[in-house]
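Colleague: I have a new model open and would like to learn how to read it feature by feature. Could you walk me through it?

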Amino acid sequence: MTPRRPVWAEVDLGAVRHNAGALAAVAAPALLCAVVKANGYGHGAVPVARAALEGGASWLAVALVEEGVELREEGVDAPVLILSEPPHDGMEDVVAGNLTPTLYTEGGVEAAAKAVAVTGRDTPLAVHIKVDTGMHRVGAEPEAALGLADAVNRRPELRLTALWTHLAVADEPENPFTAAQLERFERVRATLTRRGVRPELVHAANSAGLIAHPASRYDLVRCGIALYGVDPSPELAGRVDLRPAMATKARVSYVKEVPAGDRVSYGLRYRFERASTVATVPIGYADGVTRRLSALGGQVLLGGRRRPIAGTVTMDQIMVDCGDDRAVAMGDEVVLIGRQGDEEIGAAEWARRLDTIGYEVVCGVGPRVPRVYV
């Protein structure tokens, strides 16, 4: 069916291309890897991947085998890195899609080699080894990583093409832990070099690492949130010329007049101090408008002005307090994230109010909000 609800997210692919170019310029001579996992952080993996490659990215990265397969099925042929070790029973799909797996267990090495043999691939599968340098999410401990590199090199079905790690606090520029991680990583790299193992690529930097820690850039940088025009943290805001790629919009679906003293929405927590125009907007927490946002001063743009969300955000709708503005009408555009006239509300503003990060805000825009590419 054609979507009937007047709610949509505009994704500016020109902004994605611009951001990729800006990040690639900072990274040079290192290559840019555009991270398009989680449906491109909610923006749409395939359109974003194509725009990023047009803008200057050389690699793509995803979290899941299924995400990599989707790119291949849509004709995207750039190198695709899977950021976590795939389930061992999914390695044949990795090989069939010519995806690049991250490995950090002996079982993963064996499963990848077996998948190459079973599928009859006639060239070795490129693999990356991830080293856990202190974040302790996934990755091989430094000593184990050395043994894994040997295990990969013993398997003719595999080719070790990269060594990498992930930075835990790169978005805190003054935190010394990033330097400690890079030092641990360098020790692994130096040991491998002494053993004659020199991977083609070494990478450590995420968006924040690229911006704040030049020593982490190595040969490849993996940029996610910055690709979408959202700064990795307030401390890094403005250091690279980034343009927000997503705007979330809707149209007023109902308008009513509410007398002074009345309350609105579940819990009746919001009281009108004066007679007010109230606009209902058909978007709610099922679409990514966090329920707590209204209690924390959340606003929208309507008629080029900031207006408060009135009362508890519901599953499918919000109410907006328009005060004494009688000009508000059904069909008027409402901007939740984005620009209208001279005003702008960014994902970072939501993040500050909600005590979270911009990543969660854009990823949270739900699947029933149609994406419109501009």
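**Reading the backbone, the core and the empty space**

Modeller: Happy to. Asn 39 lies in helix α2, which covers residues 37-41. Keep in mind that this is a predicted model.

Colleague: How should I read the backbone there, and what is the phi of Asn 39?

Modeller: The general idea first: most residues other than glycine have a negative phi, and most peptide bonds are trans. In this model, Asn 39 has a positive phi of about 55 degrees, although it is not a glycine.

Colleague: Why does Asn 39 count as partly exposed?

Modeller: Its relative accessibility is 39%, and the partly exposed class runs between the 20% and 50% cut-offs, so Asn 39 falls into that class.

Colleague: Which residue in the loop between α9 and β9 should I look at next?

Modeller: Try Tyr 218, which is found in the loop between α9 (207-212) and β9 (220-223). Tyr 218 is not a glycine, yet it has a positive phi, about 45 degrees.

Colleague: And peptide bonds: which two residues are joined by a cis bond?

Modeller: Ala 28 and Pro 29 are, with omega at about 10 degrees. You will find Pro 29 in the loop between α1 and β2 (31-35).

Colleague: Let's take a helix. How do I check the length of α6?

Modeller: Compare its expected span with its end-to-end distance. Helix α6 has 14 residues, 106-119, which at 1.5 Å a residue should span 20 Å; the C-alpha atoms at its ends are 20 Å apart, so the two agree. After α6 comes Gly 120, with a positive phi near 75 degrees.

Colleague: Which residues of α6 are buried?

Modeller: A rule helps here: an α-helix has 3.6 residues a turn, so residues three or four places apart point the same way. In α6 the buried residues are Gly 108, Val 109, Ala 111, Ala 112, Ala 113, Ala 115 and Val 116.

Colleague: What do those buried residues pack against?

Modeller: Their partners include two helices, α5 (91-96) and α7 (142-154). The strands β5 (100-103), β6 (125-130) and β7 (158-164) are also packed against by the buried residues of α6.

Colleague: Now the interior. Which residues of the largest nonpolar core touch the most other members?

Modeller: That core has 121 residues, and those with the most contacts to other members are Leu 60, Leu 71, Leu 158, Ile 318 and Leu 336. Helix α1 (residues 13-27) gives the most to this core, with 8 residues. A second, separate core has 6 residues, among them Val 258, Val 264, Phe 272 and Ala 310.

Colleague: What is Leu 336 in contact with, leaving aside its neighbours within four places in sequence?

Modeller: Its contacts are Thr 248, Lys 249, Ala 250, Ile 283, Val 289, Val 300, Ile 318, Ile 345 and Trp 350.

Colleague: How do I go about empty space, and how much lies in the largest pocket?

Modeller: Rolling a probe the size of a water molecule over the atoms shows where empty space is left. The largest pocket holds about 750 Å³. Its lining has 38 residues, and Gly 229, Val 230, Gly 346, Ala 347 and Ala 348 lie nearest its centre. By class, the lining splits into 20 nonpolar, 8 polar and 10 charged residues. Helix α10 gives the most to it, with 5 residues.

Colleague: Which residues lie nearest the centre of the second largest pocket?

Modeller: Lys 37, Arg 137, His 166, Asn 206 and Tyr 359 do, out of 29 lining residues. The volume of this second largest pocket is about 610 Å³. Helix α2, where we met Asn 39, gives the most to the lining of this pocket, with 3 residues.

Colleague: And how many cavities of 30 Å³ or more are there?

Modeller: The search of the whole structure finds 2. The largest cavity has about 40 Å³ of space. Arg 137 and His 166 are among the residues that line this largest cavity, and both were also named for the second largest pocket. The second largest cavity has about 30 Å³, and its lining includes Thr 248, Ile 283, Val 289 and Trp 350, which you met as contacts of Leu 336.

Methods
Residues are numbered from 1 along each chain as its sequence is written. This is a predicted model: local features need pLDDT of at least 70, side-chain atom pairs count only at pLDDT 80 or more; totals for chains, interfaces and linings use all residues. Side-chain values use heavy atoms; hydrogens and water are left out. Helices (H or I, at least four residues) and strands (E, at least two) are DSSP runs, numbered from the N terminus. The expected span of a helix is 1.5 Å times one less than its number of residues. Buried means under 20% relative accessible area, exposed over 50%, partly exposed in between (1.4 Å probe, protein chains only). Contact means heavy atoms within 4.5 Å. A nonpolar core is a set of buried Ala, Val, Leu, Ile, Met, Phe, Trp, Tyr and Cys residues joined through side-chain atoms within 4.5 Å. On a 1 Å grid over the protein atoms alone, a cavity is a set of points where a 1.4 Å probe fits but cannot get out, and a pocket is an open set with protein on both sides within 12 Å along at least five of seven lines; lining residues have an atom within 4 Å of a point. Grid points are joined across faces, edges and corners, and a volume is the space filled by probe spheres set on the points. Ala, Val, Leu, Ile, Met, Phe, Trp, Tyr, Cys and Pro count as nonpolar, Asp, Glu, Lys and Arg as charged, and the others, Gly among them, as polar.
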